[in-house]
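Reader: I would like a close look at a single part of this model. Please take one sheet and what packs on it, then go on to a helix elsewhere.

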Amino acid sequence: MHPRLEKRTVSNQDQQPLLLLVDDSPAIHRLLAFKLRNEDVELISAYDGAEGLESAQRQMPTLVLLDLNMPTMHGLEVLKALKGDEETHNIPVIVLSGSAQSEEKVQAFELGAMDFVTKPFDLPELRARIGSAIRLHRLMLMLGQRAQIDGLTGLWNRTYFDERLESEVNEALRGEDKTVSLAMCDLDHFKKLNDGFGHPAGDAVLESFAKILSSTVRSYDIACRYGGEEFALIFPGTEAHEAAGVCERIRKAIEEHRWTAYPEIRATASFGLASTPLPEVAGPTGWLEAADQALYSAKTNGRNRIHVHDGAGGFGDLPNLKLAG
């Protein structure tokens, strides 16, 4: 399995809701496990703050039920840590407390809690609050995701690309055995196509190219519309020869594609690829520039081809590269 897929992602809407209960009372764990047994949720347990934080970071639950009065690490400390972590700050938290003091409630809400329930709680009410929190969180995720999707092609947009490129490249640069590849691709002579056949035809080509990208890339690759007729592909955990193979399948597919409504149209695409290790390239901006330079080389040397940045400021045409190592 690809290493990026081992960690659960909080944004996966198809997964069963995962509830993390952080409470030092075994009786509370037994009670909720029994009362929620017929609900469409999975309940996991942590018995102190440190264990709860570790579980949240590893499991990425849909919702956290967090007790405040725990030994060693107070619940407010756990809440602050969850909301201060880039990966867990969007996970909703319902605070459970034996205290009804307004000061504690205010602190919890100021730190980012979604709800506050006082013990002993009414179980039907708690069940309803859990359901409401899950529905609201899913709605927020859905709205956030739609804001990151390109309206015409259905691919991820430039905003999402910028975020994921930074994350993937920085992770690869931190780890000795981490790899990542980035491909920039551009539809050749797209302006002429638009001018000659009209914008509806141009949109049809863009939509078809997006479908080819989506059907060709692997489940963990990231296909984005960068802007206009330019697209970007991020290949996590992928070396140059693997990424180039995917790009070649895409290149051939668009070259061979035919449009029933526009039988005279022929479209091709050029690709520029950058992959680890590139010692002289630092950070996401450098990687983007390296892939862009390779794309420019492909376009100025005939188009409809894949050029790979060789790590020394030069470029090679795919058929002439020794990409196995």
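Author: A definition comes before the count. Helices (H or I, at least four residues) and strands (E, at least two) are DSSP runs, numbered from the N terminus. On that basis the protein has 10 helices and 11 strands. The model is a predicted one.

Some totals set the scene. The protein holds 325 residues, and 47% of them are buried. Its exposed area is about 16300 Å². Carbon and sulfur atoms supply 50% of that area. Take the contacts between residues at least 6 apart in sequence: 65% of them join residues at least 24 apart.

Now the sheet. It is open and has five strands. Their order is S2-S1-S3-S4-S5, and the pairing is parallel. Strand S2 (42-46) and strand S5 (115-118) stand at the edges. Each has a single partner strand, so one side of each lacks a neighbour in the sheet. On average, neighbouring strands are turned by 20° against each other, direction ignored.

Look at the S5 edge. Strand S4, residues 93-97, pairs with S5 in the parallel sense. Four bridges join the pair. Within S4 and S5, Val-95 has Phe-116 of S5 as its bridge partner.

Two helices belong to this picture. Helix H1, residues 26-35, lies across strand S1 (18-22), S2 and strand S3 (63-67). Helix H1 runs at about 175° to S2. Helix H2, residues 49-59, also packs on the sheet, where H2 touches S1 and S2. The direction of H2 makes about 165° with that of S1.

Next, the helix elsewhere: H7, residues 190-197. Which residues of H7 are buried? They are Phe-190, Leu-193 and Asn-194. These three cover an arc of only 95° around the axis, which puts them on the same side of H7. "Buried" here means under 20% relative accessible area, and "exposed" means over 50%. The face turned away from the buried side carries exposed residues: Lys-191, Lys-192, Asp-195 and Gly-196.

What do the buried residues of H7 pack against? Their partners are strand S6 (180-187) and helix H8 (199-216). Between H7 and H8 there is one more detail to check. Gly-198 follows H7, and its phi is positive, near 100°.

In short, H7 has its buried residues on one side, packed against S6 and H8. The sheet, for its part, has H1 lying across S1, S2 and S3, and H2 touching S1 and S2.

Notes. Residues are numbered from 1 along each chain as its sequence is written. This is a predicted model: local features need pLDDT of at least 70, side-chain atom pairs count only at pLDDT 80 or more; totals for chains, interfaces and linings use all residues. Side-chain values use heavy atoms; hydrogens and water are left out. Two strands pair if DSSP finds at least two bridges between them. Axes are lines fitted to C-alpha atoms, for helices over the stretch in contact, and angles run from 0 to 180 degrees between N-to-C directions. Contact means heavy atoms within 4.5 Å. Buried means under 20% relative accessible area, exposed over 50%, partly exposed in between (1.4 Å probe, protein chains only). The arc is that of the directions from the helix axis to the C-beta atoms. Accessible areas come from the Shrake-Rupley method with a 1.4 Å probe; for residues, only the protein chains shown count as cover.
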